[in-house]
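Let's take a walk through this model together, beginning at a single residue and working outwards. Keep the viewer open as you read.

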Amino acid sequence: MVDSKLTNPTDDITSCFFHNLNAQIRPGDCLAVALSGGVDSVVLLHLLIKFSKSMQLDMSAIHVEHGISTYSGQWSAFCQTLCDSVAIPLSIHRLKISRQPQESLEAVAREARYQIFRQIQADYVLLAQHQDDQVETLMLQLLRGAGVKGLSAMPTVRLFESGKVIKLLRPLLNIPRSEIMKYAKLHGLSWVTDESNLDISYDRNYLRHRILPLIEQRYPSYRKILSRSVRHLGEAAHLLDELAKIDAKNTMIADKLSLRGLRELDLSRARNLLRYLLAQQMVRLPSSAKLEEILRQLYNIQTDSHFRFKVDTLEIRCYRGLIEFLPADFLSESISPVVWQGEQRLAIESLKSVLEFTWQDDAGIDLAKLDQQIVTIRSRSGGERFQPDCKRPRRNLKKILQEASLPPWKRDILPLLFCGDQLVWVAGIGIDCNFQAPMGGAGLVVTWRSDQTNQSSIH
C-alpha cells in the first residue's frame with residue numbers, strides 16, 4: 001500500500017488517484033500509460049510517477065500517432081521529450097487511419113489504438129479518461145438509444161480481451177476535467193492541444209461545447225449526478241449479467257448454446273443471454289436491430305448447418321441444435337501443406353494451434369512405416385478415404401466426419417497427417433488401420449492442441 005504521508009489530504013485528485021491504484025496495483029506490476037500528449041494523459045503520467053515512488057513498478061508509455069492531424073509528428077516529438085525527461089520508456093506507433101462511409105472517425109481511431117494496446121506486454125494499460133468523458137459517453141449512448149449495458153458507460157477497470165490477463169485501468173474516471181486542469185497548472189506541466197477538440201462537427205465536441213455548458217447553467221452538479229446514474233446503471237447491468245449466467249447454466253452444453261434452450265426463454269431473457277455471451281467474447285456488441293435479426297433467424301432456421309451470422313470479428317454458427325461463437329478468421333483458414341521433419345512440436349499458425357509428437361511403445365503410428373516416405377500435415381481437400389477401425393471397411397472421410405458430429409465448417413480445418421499420398425491420421429478421429437503401431441513396436445502419438453476449438457488433447 002502507498003504511504004499516506006505521500007498524499008496531501010487537500011489534494012483530491014491525488015488522493016482519488018492513489019485510492020484507485022491501491023485497489024488494483026501490486027508491487028512488481030507492469031504498467032503502460034496511454035500518452036497522447038494532451039493535458040489529461042500528461043497529468044496521468046505525472047501522478048503515476050508520484051505513485052511509483054512508493055512501489056516497485058515496471059513503467060512505460062505508449063503513444064499512437066494516428067496521422068489524422070498535420071501536427072501529429074509534433075505531438076509524438078513532445079511525448080518523446082517528456083518521457084526522456086522523466087526516464088520513462090516510450091513506444092511510438094504510427095498509423096494511417098481510414099474509415100468507411102457512415103463510420104465514426106472517433107470510433108475508428110479508438111479501435112486502431114486498442115489494436116496497438118492489445119499487443120502491449122503489460123498487466124495494465126492506463127487511460128486518462130475522466131468524469132467529463134464518462135458523462136459525455138452517457139449522453140452519446142442515450143442519443144443512440146443504447147440499452148442498460150451501453151448506458152453503464154466506462155468501468156474503472158476491465159479485462160481488455162477474452163483469454164488475456166491485461167486490463168484497462170482508468171484511475172481518473174471520478175475526477176472532473178476542471179480539477180485535472182487545476183492540477184496541471186499548479187504543477188507547471190506542459191501539454192499539447194488537439195485542434196480537432198474544437199470541431200463541433202463531431203458529436204462529442206458538439207455536446208461538450210454547445211449542450212453541456214447550457215445544462216451546467218441550470219444544473220451545476222450535473223457531472224456528479226449523471227456519474228451516479230452511470231453507477232446505478234452499472235449495477236443494473238451487473239444484475240442482468242447474473243441473470244444471464246443462470247440462463248447460460250441451464251442452456252449451455254459443452255460451451256455451446258442449446259438452440260432449444262434459447263427458444264424456451266422469454267424473448268427479453270433470450271436477448272439478454274445472447275448479448276451476454278457475445279460480450280464474453282470481447283467483441284463490439286450488435287445493435288438492437290441486428291440482435292433481433294439474429295434471434296429471428298435462430299428461431300426460424302430449418303437446416304441449422306447452413307446458419308451463419310457475422311458479428312464484429314465473430315461468426316455465429318449452428319449445427320445439430322447447438323450454437324457456437326467462433327472467430328471469423330479461424331473459419332476462413334486452411335492448413336497449407338507442412339513437412340514434418342521429426343519435431344516434437346509443430347505450430348500451425350493459421351489455426352493458432354500446435355501439433356505435439358511423442359514416441360511411445362505399443363501405441364500411435366507405426367514409426368517404421370512413417371520412415372518410408374515424406375510425412376506432411378495439411379487440410380482435407382476432398383475425396384480422402386480412411387479406415388480408423390480395422391473391423392470396418394475403408395470409407396469416405398467426409399462420411400466419417402459427419403458420423404462424428406463434426407460441423408461442416410470444422411471439417412476443412414482439421415489437421416490430417418499423410419505419409420506420401422496415404423492418409424495416416426485425422427485429428428479427433430484416429431489412425432488408419434494400416435499404420436497403427438503393432439504390439440512390441442515403436443509408435444508416434446500425435447496430439448492436436450488448439451484454443452480455438454476448445455479441444456486440449458485430440459489424438
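Start with Gly-37, which counts as buried because its relative accessibility is 0%, where the cut-off for buried is under 20%. Do bear in mind as we go that this is a predicted model. Gly-37 sits in the loop that runs between strand S1 (30-34) and helix H2 (39-52). What does Gly-37 touch, once residues up to four places away in sequence are set aside? The list is Val-42, Phe-78, Cys-79, Trp-191 and Val-192.

The UniProt record has something to say about this stretch as well. In an unreviewed entry, it lists Ser-36, Gly-37, Gly-38, Val-39, Asp-40 and Ser-41 under "binding site". Of those, Asp-40 is worth clicking on next: Asp-40 lies in helix H2. Not counting residues up to four places away in sequence, Asp-40 touches Ala-128, His-130, Leu-172 and Ile-180.

Now hop over to Asn-174, in the loop between strand S6 (167-169) and helix H7 (177-186). Is Asn-174 buried, exposed or something in between? Asn-174 counts as partly exposed, because its relative accessibility is 41%. Leaving aside neighbours within four places in sequence, Asn-174 is in contact with Cys-16, Asn-20 and Gln-131. For a sense of distance, pick Leu-273 too: Asn-174 and Leu-273 are 99 residues apart along the chain, and their C-alpha atoms are separated by 30 Å.

Next, a couple of backbone oddities. Ala-87 isn't a glycine, yet it has a positive phi of about 60 degrees. You'll find Ala-87 in the loop between helix H3 (72-85) and strand S3 (90-94), and with 64% relative accessibility it counts as exposed. Asp-312 is another residue other than glycine with a positive phi, in this case near 55 degrees. Asp-312 is in the loop between strand S9 (308-311) and strand S10 (314-319). At 33% relative accessibility, Asp-312 counts as partly exposed.

Let's move on to the C-terminal part. UniProt, again in an unreviewed entry, places the feature "domain: Lysidine-tRNA(Ile) synthetase C-terminal" at residues 375-448. Over residues 375-448 the chain is 35% strand and 15% helix, and the C-alpha atoms at the two ends are 16 Å apart.

There's a sheet to trace here. This is an open sheet of 5 strands, ordered S12-S16-S19-S20-S21, and the pairing is antiparallel. Which strands form the edges? They are strand S12 (338-339) and strand S21 (430-431), each of which pairs on one side only.

Zoom in on S19, at residues 416-419. In a regular strand, side chains alternate between the two faces of the sheet. In S19 both faces are covered: Leu-416 and Phe-418 are buried on one side, and Leu-417 and Cys-419 are buried on the other. Strand S16 (residues 375-378) pairs with S19 in the antiparallel sense over 4 bridges, and Leu-417 in S19 is the bridge partner of Ile-377.

With strand S20 (residues 422-426), S19 again makes an antiparallel pairing over 4 bridges. Here Phe-418 has Leu-423 in S20 as its bridge partner. S19 and S20 form a hairpin with 2 residues between the strands, and in it Gly-420 takes a positive phi near 65 degrees. Carry on along the sheet and you reach S21, which runs antiparallel to S20 and is joined to it by 2 bridges. Val-426 stands opposite Gly-430 in S21.

Finally, zoom out to see the chain as a whole. It has 16 helices and 23 strands, and its C-alpha atoms fill a box of roughly 85 × 50 × 45 Å along the principal axes. Of its 459 residues, 46% count as buried. How much of the contact network links residues 24 or more positions apart? Among contacts with a separation of 6 or more, such pairs account for 66%. On the outside, the chain exposes about 24300 Å², with carbon and sulfur atoms supplying 50% of it. As for charge, there are 57 positive and 51 negative charges, and their mean positions are 5 Å apart.

Conventions: Residues numbered from 1 in each chain as written. Predicted model: local features only at pLDDT ≥ 70, side-chain atom pairs only at ≥ 80, totals over all residues. Heavy atoms only, no water. UniProt positions renumbered as here; feature names shortened; annotations may be inferred. Buried < 20%, exposed > 50% of the residue type's maximum accessible area, 1.4 Å probe, protein only. Contact = heavy atoms within 4.5 Å. Areas by Shrake-Rupley, 256 points an atom, 1.4 Å probe, with all protein chains shown as cover. Lys, Arg positive; Asp, Glu negative; His and termini not counted. Charge placed at Lys NZ, Arg CZ, Asp CG, Glu CD. Pairing = 2+ DSSP bridges.
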